[in-house]
Amino acid sequence: PAAIRRADYRPPTFTVDAIRLEFDLDPAETIVTAELSLRCLTETAFPLHLDGEDLTLLELSLDGTALDPAQHVDGAGRLVLHELPPRAVLRTRCRIAPEANSRLTGLYLSNGIFCTQCEAQGFRRITFFPDRPDVLATYDVTVRADAGSCPVLLSNGNCVDRQSLPDGRHMARWQDPFPKPSYLFALVAGRLDRLADTFTTRSGRQVDLHLYVEPGQAARAHCAMAALKQSMAWDEARFGLEYDLDIFNIVAVADFNSGAMENKSLNIFNAKYILADEATATDTDMELIEGVVAHEYFHNWTGNRVTCRDWFQLSLKEGLTVFRDQEFTADHRSRAVKRIRDVRTLRARQFPEDAGPLSHPVRPDTYVEINNFYTATVYEKGAEVIRMIHTILGEARFQAGMRLYLGRHDGQAATCEDFVAAMEEASGCDLVQFRRWYSQSGTPRVTAQWHVEGPASGAGPGAGGQALPDGGCLVLTLSQDTPPTADQAEKVPLDIPIRLALLDGEGRPIAAWLEEAADAAPDRSAPGEHLLRLTGPRQRFRFRPAEAQEHAPLPSLNCGFSAPVILHADYGDADDAFLMVRDPDAVNRWEAGQRYATRVLLRMAAAEDPAMAVDGRYVDAFGGLLRDEAMDPSFAAVAMVLPEEGYLADQMAVVDVDGLHAAREAMLRAIALAHRNVLLGMHARLQPARPYRADADQAALRAQRNAALALLGLLTEDAEVQRLVMAHYRDADNMTDRLAALTVLAHHGQEAARNLALADFEERYRGEALVLDKWLAVQAQAPRRDALATVRRLLDHPAFRLSNPNRVYALIGAFAMRNQWRFHAADGGGYAFLAEQVKKLDGLNRQVAARMAGAFGRWQRYDGPRQNLMRAALESIRDMPGLSRDTFEIVNKSLE
Ligand code: B3K
Ligand code: ZN
């Protein structure tokens with residue numbers, strides 16, 4: 001399959017001003033009639049092509065003249081028009097088969113509900129159309145269906161007509177006044193229950209909010225509804241953005257490839273991101289639901305009102321909208337903990353992408369299958385790029401930039417360049433070099449060194465603890481380099497905003513002047529904080545403290561993770577032990593603990609017997625964290641988690657699968673043994689008041705208490721502890737606590753207790769597909785030698801279904817991506833398993849297959865025997881006859 005290049009972009013030669021669609025819905029044979037008002041934009045070169053895929057063209061006419069369908073469809077399935085007047089009306093009648101559509105893109109059936117997913121290129125599976133985001137049309141949609149099986153009929157915009165028809169059918173007509181690209185089209189028809197509410201915008205528009213779910217599920221939609229209202233209010237307050245129609249619909253369906261879709265006024269969601277109550281969803285699920293509901297709602301401005309010119313600009317809407325949803329969560333919950341979670345995700349998913357065979361810039365230059373580019377780089381690194389602009393400009397100037405961008409491009413299809421230009425113009429800040437973040441792939445490495453210089457300008461040794469006399473200064477040297485990536489050999493220096501503070505011996509920020517200011521600090525710096533812009537390969541910064549210092553100041557670098565870089569700094573174990581309790585920047589306090597743990601665990605992994613090499617000083621430092629009762633519980637909960645095995649693996653030249661696993665387990669056990677009583681005390685003390693409330697305060701207490709439980713759970717032979725874990729499971733009055741205990745038991749419990757808990761959970765939630773996904777995932781991630789055998793057995797469990805993406809991610813995805821130790825077992829069983837599943841999935845749902853195949857991406861970082869096994873697995877997929885373009889692109893790039 002041929003690659004598509006950004007450099008080859010050409011504006012459309014004709015557009016569609018308006019489209020009228022009529023659907024006669026039927027699972028096996030749906031008839032789609034389309035009337036396109038076409039308009040030529042330039043001297044058009046004929047023939048013209050309209051995209052189409054898996055469509056049977058029944059009738060075709062141009063300005064009322066019938067044409068022969070057989071003469072107008074080419075070998076690739078596109079509609080070919082040999083000539084066209086400057087304006088013309090094209091009418092087509094096509095047949096499609098929703099029930100046979102297992103790819104879940106285009107029009108398909110989910111549990112008997114008709115629904116659509118058109119981004120990126122699903123609309124061409126519904127009707128012939130120039131299926132590209134820079135063709136914006138108004139939509140007028142008539143839906144006809146059986147009234148009994150499809151009482152609810154929805155599409156974008158406003159409902160302007162509804163009538164009964166003969167033969168037990170009925171119709172509804174929807175008109176969307178806002179011109180939109182085809183990827184934002186949506187249709188839903190089926191039997192659905194509705195939760196209704198309203199929101200009054202700040203200018204007084206009353207908006208009907210309707211949330212549709214499968215019958216009987218409406219009681220589980222309240223959390224999502226509350227999140228929607230909160231999002232609408234927040235976007236007005238923080239971004240000055242109001243909703244623009246009188247109705248906003250959300251539909252939750254069971255079968256959905258991604259999280260959700262921002263179709264204009266008719267968002268369609270994976271049910272997993274809507275349905276939640278305390279009995280079936282964890283606190284984390286609820287936070288995620290809030291974030292996804294917010295994200296899709298925010299797209300109404302950043303994505304829908306201003307859309308993307310072409311798919312290379314995907315991050316224009318995704319990076320920006322992720323940034324907006326991150327800020328939404330940060331404004332409503334703990335900002336530091338939200339940031340820490342996002343940093344963790346970035347490191348777990350995006351850094352490896354940058355360092356692997358699928359590396360690409362935030363604005364890619366080429367793709368084979370666009371659906372493979374809904375990546376952590378486009379989304380999460382894209383959001384980091386927006387965040388850096390925000391850091392450089394400050395909130396006020398950033399918002400001025402947003403107003404200029406949205407005002408200037410409202411109703412248009414724009415580019416990343418348009419966005420940066422608006423930010424630059426509105427703020428007066430120079431972002432010329434900064435733009436390289438969009439075009440350069442790879443994670444920059446920033447190296448930091450510092451030393452004290454006396455007043456006589458003689459360079460002192462850099463050792464900590466040394467005094468800094470009056471008139472002396474601290475000299476900080478920062479250098480950057482970005483290693484070559486699979487897609488780009490040459491790298492250039494980036495414009496990297498580094499926030500930092502200098503800390504005294506108590507951890508307090510020191511007032512200091514930056515002598516050779518690289519740039520003025522922005523208005524929102526905290527006192528004692530500096531914002532540096534590292535633009536060259538190597539720069540020196542001299543800080544002169546306002547007063548003499550007894551100790552050489554210790555820099556706290558990249559505060560709040562201001563730039564998405566890998567930081568190499570001169571910190572030793574003692575510095576990190578200090579910073580992990582004293583750094584006033586919570587993100588860096590967490591960072592110091594992680595850095596310290598990483599160093600210690602890598603040393604242990606390299607030892608003959610990791611269990612004998614536990615670093616007692618780290619165990620003590622961890623105890624300091626545990627005994628700090630003043631600590632914010634939501635922060636304590638994240639600080640109590642050691643770096644994941646996957647992250648540790650990324651720090652090694654050749655991954656030592658077994659050594660890392662042994663080291664991490666040994667450290668967890670050592671911590672639990674040494675601090676058993678503190679952990680038991682924490683578990684007893686942090687019980688939230690009953691009744692259960694889902695709010696952030698209670699959630700934080702549960703999170704910390706469950707982090708204590710997870711550590712205690714390592715003490716498998718401690719009868720008192722094991723009784724406590726069992727009681728925690730049994731007495732739980734919510735899913736957060738129950739799942740926490742189940743995880744402990746399933747991962748570390750003794751056989752009898754483990755089996756009891758797993759059986760109880762299975763029985764208790766029989767028929768609750770989303771809850772049983774947790775049960776599948778817990779077993780798939782178990783650090784147990786029999787994990788693969790269990791996963792294979794669960795493929796035949798009634799709760800599993802290969803055709804449902806959530807089930808696949810829960811069982812196969814969790815095993816391949818979140819159980820490093822077992823997936824990378826030396827015998828290659830995990831690899832053979834994944835290859836088998838990818839091959840089965842590819843014929844069913846190629847987007848999901850391609851995503852699963854990504855788990856092989858970093859095969860070259862493992863030892864020789866494992867490399868051979870993974871390469872063989874990849875080759876067996878690549879050589880499968882009829883392999884989809886989606887999976888081929890991933891596998892082929894991995895092998896290159
Ligand atoms: N825009 C959709 C993602 C569509 C995925 C297409 N393969 C959801 C989102 O980012 O909001
Ligand atoms: Zn999005």
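**Exercise 1. Find the loop that holds Ala 120, and describe the peptide bond that joins Glu 119 and Ala 120.**

Step 1. Ala 120 sits in the loop that connects β10 (113–117) with β11 (137–146), where strands (E, at least two residues) and helices (H or I, at least four residues) are DSSP runs numbered from the N terminus. This is a predicted model, in which local features need pLDDT of at least 70 and side-chain atom pairs count only at pLDDT 80 or more, while totals for chains, interfaces and linings use all residues. Residues are numbered from 1 along each chain as its sequence is written, and chains are lettered from A and ligands numbered from 1 in the order in which they are written.

Step 2. The bond between Glu 119 and Ala 120 is cis, and its omega is about 0°. For background, most peptide bonds are trans, and most residues other than glycine have a negative phi.

Step 3. A cis bond also leads from Arg 690 to Pro 691, with omega near 0°, and Pro 691 belongs to the loop between α15 (676–685) and α16 (696–712).

Step 4. Asp 167, although not a glycine, has a positive phi of about 65°, and Asp 167 lies in the loop between β13 (158–164) and β14 (169–180).

**Exercise 2. State which residues are around ligand 1, and sort the shell by class.**

Step 1. Glu 119 and Ala 120 are among the residues around ligand 1, together with Ser 258, Ala 260, Met 261, Glu 262, His 295, Glu 296, His 299, Glu 318, Asn 371 and Tyr 374; a residue is near a molecule if its C-beta atom, placed from the backbone, lies within 6 Å of it.

Step 2. Two or more residues of this shell come from each of β19 (260–261) and α2 (283–298).

Step 3. The shell divides into four nonpolar, four polar and four charged residues, where Ala, Val, Leu, Ile, Met, Phe, Trp, Tyr, Cys and Pro count as nonpolar, Asp, Glu, Lys and Arg as charged, and the others, Gly among them, as polar.

**Exercise 3. Describe how β16 and β17 are joined.**

Step 1. Strand β16 (residues 193–200) pairs with strand β17 (residues 206–213) in the antiparallel sense, over eight bridges; two strands pair if DSSP finds at least two bridges between them.

Step 2. One of the bridge partnerships links Leu 195 to Leu 211 in β17.

Step 3. The two strands, β16 and β17, form a hairpin with five residues between them, and in the turn Gly 204 has a positive phi of about 95°.

**Exercise 4. Give the strand order of the open sheet that contains β24, and explain what is special about β27 and β31.**

Step 1. The open sheet has five strands in the order β27-β29-β25-β24-β31, and its pairing is mixed.

Step 2. β27 (512–514) and β31 (566–569) stand at the edges with a single partner strand each, so one side of each has no neighbour in the sheet.

Step 3. Strand β24 (residues 445–453) runs parallel to β31 and is joined to it by four bridges, and Ala 448 has Ala 569 in β31 as its bridge partner.

**Exercise 5. Describe how domain 2 and domain 4 meet.**

Step 1. The domain assignment, which is automatic or from a database, places domain 2 at 307–439 and domain 4 at 768–896.

Step 2. The centres of domain 2 and domain 4, taken over C-alpha atoms, are separated by 30 Å.

Step 3. Eight residues of domain 2 are in contact with 12 residues of domain 4, contact meaning that the C-beta atoms, placed from the backbone, lie within 7 Å.

Key:
Two residues are in contact if their C-beta atoms, placed from the backbone, lie within 7 Å.
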